[in-house]
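User: I'm new to this one. Could you take a close look at a single part, the open sheet and what packs on it, and walk me through it?

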Amino acid sequence: MSTTITIPVVIIGNGPSGLSLSHILSGYWPYYNGDIHPNELLQSRLSHSGNETILKQDLEELSDGLNGRSSNSVAVLFDQLHHPNADLGSDVESCLSWRFDNSNTIQHLVLGKYSAGGSWRSIHKDGRTLGYSSWLELPGYRMHDWLNRRIPTKETNSLDRLDLGLVRHYYTDYAKHMQIDKYIQSGVTVRSVRRHNLACSFYNDDNINMSSDSEESCCYETNVTNNDSCKRRQPLNSTGSNSDLDGEEEFEESSQVGNHKKFNWIIDVNDINADGVSANYEILADQLVLATGVYDNPKTLDIPGEDLPFVYHRCPDFKNIDLSPATTGPTLVIGSGLSAGDTILAALENGFNIAHSFIQKTNDHSLIFNRLPLSFYPEYRKVYELMTCTSKDSGDCYVPFCCYKLIEIKSDGTCILESMKNSERIAIFASSVIIVIGSSPDLSFLTDSALPDAIQNDSFVDYQSNPIKVDPYTYEVIGQPDMYAMGPLVGDNFVRFITGGALAIASSIIKKND
């Protein structure tokens, strides 16, 4: 019989979204610390909150009327509490204190394909963060403190922009520092998620009785530590604990399911442990949280030749890039976002000539470079000057093709561009093609069409144009009770707003349990 784990909450995704929620579920609860908040409206509400945790207060009332750079009210609320007046350039101390109480712990698992950090683990190491260092920190472990431990000889402050390659290590260290790594199972691929009433006939089999009399025989438990994840699985004893042969509990914080019969979700997973051993098993959970981010699948143009070996959909390592054997032409970059900008900068730094095709006009407000304070981002100012032909040092290494789209790539490196203005076509020869036009999440494991009411026209989830629709104060997915979504999936693409989703979800789960 296949192994089954039963646990109250499963979080799919171990990036900043999953880590911030795990931090709260592990027993760290936020409280107003009494500091005066610069927003008088919020200060008035906080002053009447008493000593009750923010998690049990009315988040709708607390967040009413607050404005910020997120469309999600609770995300703005948390940002105002943790980074008061951050958008005004203020570096004000947080109005929150975090208190740990083991009795507040809600058992959970955080599932991720890779080690803690999510997409940050594979992020291109070149370049710097868009936001200040303090905007990238998660509750309980200040980025400034981490930097002082990591680079004790370097002076840093909360308003610095950091190297991307440095920040990704913070999230791995965060999980260890906050002791939530025991809840994280890395090397896990989620194969399917379905509600239990839509599951296969296993649960209705006459030979399987899901009553308390047979629960011991069909429910198993696993240690939820990184080092021993999914290696030893033993039947639960009558108390719902997992004991070794001497009768001692091997892992006292493993999920207790003895009389816990309710579950809403069945999650099928494949787990590859540190020794490379693969195992398939099921997890039964009350609540499911989608925290995958949106960077799993690069978007494609769906044009002829896009699968040729010298075509990339992420910024490659330019020291080991594959080139078309038929031409020594430039590298053609497609896209006009920050990823395209990073790719151009990396290519130029490595001595590559660039042809750059993008569909917008350079004065289009939707162009991200027109919405950034370029004085604060000198590297992107350089890209914008290249795109607008106002750069003084571009030479022959960069050629823009404004308002052109790529429609075909041939095996000899010929690329056909078509004008957005008059459909005129031109051909250029490229040694490599890099298409960086965004990405989308991999939610293929939602086998029961779980999101028809929560996305528009059954199209791809997109954090800008088509985020998953959730209740604004609980982040519960519309039309799917006990399924939650957070982070970029619901439009919160900046770390500083992600924990607002964790606050809303944890508050909802705690209130359901009360």
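Analyst: A quick definition to start: two strands count as paired if DSSP finds at least two bridges between them. Keep in mind that this is a predicted model.

With that in hand, look at strand E14, residues 354-358, which runs parallel to E15 and is joined to it by 5 bridges. To find one of the partners, go to Ala-355: its bridge partner in E15 is Val-399.

Now step back to the whole sheet. It's an open one with 5 strands, in the order E12-E19-E13-E14-E15, and the pairing is parallel. Strand E12 (311-312) and strand E15 (398-402) are the edge strands, each pairing on one side only. In general, strands of a sheet pair through backbone hydrogen bonds, either parallel or antiparallel.

Next, the helices. Helix H8, residues 338-349, packs on the sheet, where it touches strand E13 (331-334), E14, E15 and strand E19 (432-435). The direction of H8 makes about 170° with that of E14. Helix H9, residues 378-387, lies across E14 and E15 and runs at about 70° to E15.

Two cysteines are also worth a look. Cys-397 is partly exposed, with a relative accessible area of 24%, whereas Cys-415 has 0% relative accessibility and so counts as buried, the cut-off being under 20%. As for disulfides, the count is 0.

Finally, some context for this part. The chain has 10 helices and 21 strands, and 54% of its 514 residues are buried. Among contacts with a separation of 6 or more, 69% are between residues 24 or more positions apart.

Technical notes. Residues are numbered from 1 along each chain as its sequence is written. This is a predicted model: local features need pLDDT of at least 70, side-chain atom pairs count only at pLDDT 80 or more; totals for chains, interfaces and linings use all residues. Side-chain values use heavy atoms; hydrogens and water are left out. Helices (H or I, at least four residues) and strands (E, at least two) are DSSP runs, numbered from the N terminus. Contact means heavy atoms within 4.5 Å. Axes are lines fitted to C-alpha atoms, for helices over the stretch in contact, and angles run from 0 to 180 degrees between N-to-C directions. A disulfide is a pair of cysteine sulfur atoms within 2.5 Å. Buried means under 20% relative accessible area, exposed over 50%, partly exposed in between (1.4 Å probe, protein chains only).
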